[in-house]
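This report describes a metal site and the surroundings of some selected residues. Please keep the sequence and the structure in view while reading.

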Amino acid sequence: MKQLFIQDLKKGDTIFGESFAVKYYKRSATRNNKPFIDIELADKTGTIRGKIWSDDMANCKEVVPGDVVSVNGTIEEFQGRLQLRLTNLSKLRDFNLEDYQTRSRNDIDKMFAEITDTIKNIKNPHIKSLLSNIFDDAKFAEDFRNASAAYTVHHSYLGGLLEHTTEVLAIAKTLIKRFPKLNKDVLFSGAILHDIGKVFEFEVGTTVTIRTEGKLLGHIFLGTEYIKNKAPKDIPADLLNEILHLILSHHGELQFGSPVVPMTGEAVALNMCDKTSSQTNMAYRSIFENNATEEFTEYHRQLGTELYRSPYQNDLMNEDIPF
Ligand SMILES: [Fe+2]
Ligand SMILES: [Fe+2]
């Protein structure tokens, strides 16, 4: 049974036979052309980067992301963050999956209850029965609770889709108070449904991987198709179109994968709610993950910048956490 977790590792520790999931594995070379391997290991408490230098390669088996491995090595510090120097690496076949899966820090039952409570309060009977047709299916509900919202970019962990969906919904609930003529039932159903195609797009194991179906079809198509199939027979066609439009346009721009741009007030609002949740999550995880202490994060490709770690951040800690 796994005893030592990444959150417990300290500089100077020597580890022997400890197990982690491989998140990233790539052969590389120094400027002098000496080969080395860049690796990132994970468990349910976090991730740590590592290096296998050329002298240690003979004792390290070749692995791929998703494998669970047993390692020997020492914990060093490089540019303000812990790094593992591996001296031995072998693949493990027998392990408890839950120890290695990164999951949402929020309570999955409470987040899911927020979705079902919102569905209960939907007034339009057609929208309500569409949502019930989808979420009353126990198999779908279970898959939705465990799904990831991405495989690298944002909310990329077990429960990540639920976390992202409840964030989008909470932002939509705030927004609607300021724009009372927007259709609440349409906007909230769009918030709940906009990324459901991700249930079919990704596979959540020790790491999140994209399925062939997800790669070929994408979550916008997969979600739209699923919603169309679950629509009640008596839903007016124009109402269903408005909901499908929210799903199809939620990425906001054609270059981000949406086949149409937002053309209703609710669609414009949903695109902004989606962006707020996903981009804040990216920045937040980059700044606060893995107890890094450097003043700036590494360059964040999606956000197009490094991010500053404010020395005042602990003074401002928000204790009013929703879940
Ligand atoms: Fe999306
Ligand atoms: Fe989204």
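H219 is buried, at a relative accessible area of 8%, where buried means under 20% relative accessible area, exposed over 50% and partly exposed in between (1.4 Å probe, protein chains only). The model is predicted, so local features need pLDDT of at least 70 and side-chain atom pairs count only at pLDDT 80 or more, whereas totals for chains, interfaces and linings use all residues. Residues are numbered from 1 along each chain as its sequence is written, chains are lettered from A and ligands numbered from 1 in the order in which they are written, and side-chain values use heavy atoms, with hydrogens and water left out.

The accessibilities of four residues are as follows.

| Residue | Relative accessibility | Class |
|---|---|---|
| H219 | 8% | buried |
| H251 | 23% | partly exposed |
| C60 | 12% | buried |
| C273 | 1% | buried |

The iron ion (ligand 1) has as protein donors D195 (OD), H219 (NE2), H250 (NE2) and H251 (NE2), which lie 2.2 to 2.3 Å from it; donors are N, O and S atoms within 2.8 Å of the metal (3.2 Å for Na, K and Ca), and sites may look incomplete because water is not among the atoms. Along the chain, the donors of this iron ion (ligand 1) follow the spacing D-x23-H-x30-H-H. D195 coordinates both this ion and the iron ion (ligand 2), and the two ions are 3.9 Å apart.

Turning to cysteines, a search of the whole structure finds 0 disulfides, a disulfide being a pair of cysteine sulfur atoms within 2.5 Å.
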